[in-house]
Amino acid sequence: MNETRHRVTLTVNGVVREAEVPGRRLLSDCLRHDLGLTGTHVGCEHGVCGACTVLLDGEPVRSCLTLAVTADGHEITTVEGLARGDGEPSPVQRAFTECHALQCGFCTPGFLCTVTAFLRDNPAPSEEEALEAVAGNLCRCTGYQNILKAVHRAAEIQSEEGGA
């Protein structure tokens with residue numbers, strides 16, 4: 001069966017990209033298979049684990065639940081786009097490294113995108129707010145203590161750098 005294909009134009013990590021996708025192509029599959037951006041991980045494929053989280057117009061979304069055609073004309077930021085323009089890791093990426101907030105790394109891209117958006121909106125979170133922010137992302141390795149430390153460390157780094 002030949003499924004109708006749709007041309008989508010996405011601004012991904014600041015670069016306008018085009019792909020021709022079936023109407024039922026998931027954004028996660030478009031990013032990984034059509035655009036070659038494999039940093040977005042797919043875990044549960046049901047929107048539960050958060051590994052596939054990307055930023056759609058700055059807001060965290062589960063790319064495994066989002067159809068690529070619905071993202072047409074929108075801005076997507078994946079884990080590959082979180083680093084600064086000079087290639088230096090973002091404060092969130094630096095904090096995750098400093099605080100050893102990753103082990104196997106499978107969940108990390110989703111956490112990094114989630115925390116980036118969270119700290120943009122809440123630059124000085126309480127412990128409860130930080131816990132709630134990351135509660136939608138599953139990690140089977142770390143036990144979350146270092147992830148929560150990384151959220152607070154990233155907030156510190158951003159504050160030191162003037163909200164970067």
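**How the labels on this model are earned**

Modeller: Let's start in a hairpin: L56 stands opposite E59 in β4. Please keep in mind that this is a predicted model.

Biologist: Good to know. What makes β3 and β4 a pair?

Modeller: Two strands count as paired once there are at least two bridges between them. Strand β3 (residues 53-56) and strand β4 (residues 59-62) have four bridges, in the antiparallel sense, so the requirement of at least two is met. P60 of β4 is the bridge partner of L55.

Biologist: And what makes β3 and β5 a pair?

Modeller: β3 and β5 have two bridges, also antiparallel, and at least two is what the rule asks for, so they qualify. In β5, L56 has I76 as its bridge partner.

Biologist: Which way do the side chains of β3 point?

Modeller: T53 and L55 point one way, V54 and L56 the other way, and all are buried. In a regular strand, side chains alternate between the two faces of the sheet.

Biologist: What is unusual about the phi of D57?

Modeller: Phi of D57 is positive, near 50 degrees, and D57 is a residue other than glycine. D57 sits in the loop between β3 and β4, a hairpin with two residues between the strands.

Biologist: Why is D57 called partly exposed?

Modeller: The relative accessibility of D57 is 43%. Under 20% would be buried and over 50% exposed, so a value in between is called partly exposed.

Biologist: What about the hairpin of β1 and β2?

Modeller: Strand β1 (residues 5-12) and strand β2 (residues 15-22) pair in the antiparallel sense over eight bridges, with H6 opposite V21 in β2. Two residues lie between the strands, and in the turn N13 has a positive phi of about 55 degrees, although N13 is not a glycine. N13 is partly exposed because its relative accessible area is 25%, between the 20% and 50% limits.

Biologist: Why does S90 count as buried?

Modeller: S90 has a relative accessibility of 7%, and buried means under 20%, so the label fits. S90 lies in the loop between β5 (75-77) and α2. Not counting residues up to four places away in sequence, S90 touches L82 and A83.

Biologist: Now the cysteines. How many disulfides are there?

Modeller: The count is zero. The closest cysteine sulfur to that of C30 is in C52, 14 Å away, too far for a bond. C104 is in no disulfide either, with the nearest cysteine sulfur, that of C141, at 3.8 Å. A disulfide needs sulfur atoms within 2.5 Å, so neither distance passes.

Biologist: Is C104 buried or exposed?

Modeller: C104 has a relative accessible area of 57%, and over 50% is the condition for exposed, so C104 is exposed. C30, at 0% relative accessibility, counts as buried.

Biologist: Which residues have the most contacts inside the largest nonpolar core?

Modeller: They are F96 and L119, in a core of 26 residues. The elements giving two or more residues to this core are α2 (91-98), α3 (108-121), α4 (127-134) and α5 (145-160). Leaving aside neighbours within four places in sequence, F96 contacts A101, L102, T108, F111, L112, V115, I147 and A150. Another core, of 16 residues, lies apart from the largest one, with V8, L27, L35 and V61 among its members. In soluble globular proteins, nonpolar side chains tend to be buried together.

Biologist: How are the elements arranged along the sequence?

Modeller: The protein follows the pattern β-β-α-β-β-β-α-α-α-α, with five helices and five strands.

Biologist: And what makes the protein as compact as a globular protein of its length?

Modeller: Its radius of gyration is 16 Å, close to the 15 Å that the globule rule gives for 164 residues, so the description holds. The C-alpha atoms fill a box of roughly 50 × 30 × 25 Å along the principal axes.

Biologist: What share of the residues is buried?

Modeller: Of the 164 residues, 44% count as buried. The protein exposes about 8300 Å², with carbon and sulfur atoms supplying 50% of that area. Among contacts with a separation of 6 or more, 55% join residues 24 or more positions apart.

Technical notes. Residues numbered from 1 in each chain as written. Predicted model: local features only at pLDDT ≥ 70, side-chain atom pairs only at ≥ 80, totals over all residues. Heavy atoms only, no water. Buried < 20%, exposed > 50% of the residue type's maximum accessible area, 1.4 Å probe, protein only. Core = buried A, V, L, I, M, F, W, Y, C linked by side-chain atoms within 4.5 Å. Contact = heavy atoms within 4.5 Å. Rg over C-alpha atoms; globule rule 2.2 N^0.38 Å. Areas by Shrake-Rupley, 256 points an atom, 1.4 Å probe, with all protein chains shown as cover.
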